[in-house]
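Work through the exercises below with the model in view. Try each task before reading its solution.

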Amino acid sequence: MRVAYIFATTGHTVSYKLGRMILPQLEENRHGADVAGMFFFEDNTYLLVKGNPLGERLVKIAREKNILLMGCDQCCYEREIADKLFDGVLIGCFPDLYQALSQAPPDQVITL
Amino acid sequence: MLRENKPRHQAPGQDGRFNALVDQLAQTIYHFHMNCCGDPAGSVTELFNAALGRPHWRAPAAAGKAEDPAQHLRVEIHLEIEDSRIRRIDYLCTTCASLIAYCEALVRMSCGRGVAEAARLGAGDLIRLVRGVPAYRHDRAHLAAAALQQALQRNPPPTQRSQHK
């Protein structure tokens with residue numbers, strides 16, 4: 001099964017659900033699903049800024065497993081980080097996300 | 001009534017000067033109301049919010065258009081030129097934050113300028129003025145600039161028009 005994650009809520013989403021569950025499972029090849037992409041809203045976009053330790057691990061595994069990483073463009077612009085993201089991490093909105101995922105679409109989209 | 005219903009722009013002398021002043025005042029009020037002549041330099045969010053927060057003017061038809069069908073992006077420029085100057089300019093574009101910011105900067109850059117001066121404005125100016133846009137989104141600046149250039153080419157100054165006759 002292929003899944004895509006949308007990190008829509010802030011709070012403990014990225015540091016806990018991604019940082020302590022999804023990412024370690026991906027690193028250990030025991031996540032149980034292929035991840036097509038991850039889309040980040042609001043403060044979750046800070047994870048994608050160069051220098052973020054969790055972001056570095058995520059980008060590394062995303063390159064290995066060909067996982068799309070995309071931040072909400074308006075969220076990134078609002079935080080003035082759009083041009084400070086890791087190389088290969090895109091900004092965009094729903095049309096960009098759908099277009100990017102259309103090559104190998106996920107079976108499920110999971111919003112966290 | 002001050003002007004005694006005389007037709008505008010016809011009486012020489014004092015009435016002509018009065019009409020010119022009225023025109024100038026009307027232009028000033030229009031630009032104040034439309035808030036279209038601000039500083040073109042800014043972040044995407046500043047320009048995007050400014051675009052959402054001001055009224056927009058539409059000409060009966062777009063003067064220039066540019067589109068990128070692959071990305072479903074489109075820009076229309078609405079333009080009114082008088083005495084070889086851009087009297088009114090506005091845009092209609094796809095709801096992409098980067099594109100809206102570039103279009104807003106474009107309007108601010110070209111509003112009130114001479115046509116020849118506006119014709120020299122290009123994507124490079126937009127890219128320089130709008131802060132924080134990643135390089136792979138600079139294509140939006142080229143799209144906005146292309147729409148303006150098409151609009152200006154379709155509305156050449158009167159001297160150029162007469163040369164084409």
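Two exercises follow, one on strands and one on a contact between chains.

The model is predicted: local features need pLDDT of at least 70, side-chain atom pairs count only at pLDDT 80 or more, and totals for chains, interfaces and linings use all residues. Residues are numbered from 1 along each chain as its sequence is written, while chains are lettered from A and ligands numbered from 1 in the order in which they are written.

**Exercise 1.** Describe the surroundings of strand β3 (residues 73–82) of chain B.

Step 1. Strands (E, at least two residues) and helices (H or I, at least four) are DSSP runs, numbered from the N terminus. Two strands pair if DSSP finds at least two bridges between them.

Step 2. Strand β2 (residues 64–68) of chain B runs antiparallel to β3(B), with five bridges joining them. Here K65(B) faces E76(B). Four residues separate the two strands in a hairpin, and H72(B) in the turn has a positive phi of about 55°.

Step 3. Strand β4 (residues 85–93) of chain B is also antiparallel to β3(B), through eight bridges. I81(B) has I86(B) in β4(B) as its bridge partner. This hairpin has two residues between the strands, and D83(B) takes a positive phi near 50°.

Step 4. A residue is buried if 20 or more other C-beta atoms, placed from the backbone, lie within 10 Å of its own, exposed if 12 or fewer, and partly exposed in between. Seven of the 10 residues of β3(B) are buried, so the strand is largely enclosed by the rest of the structure.

**Exercise 2.** How many residues does the contact take from chain A and from chain B?

Step 1. Residues are in contact if their C-beta atoms, placed from the backbone, lie within 7 Å.

Step 2. Chain A gives 10 residues and chain B gives 10 residues. Helix α3 (residues 73–78) of chain A gives the most to the side of chain A that touches chain B, with four residues.

Key
Two residues are in contact if their C-beta atoms, placed from the backbone, lie within 7 Å.
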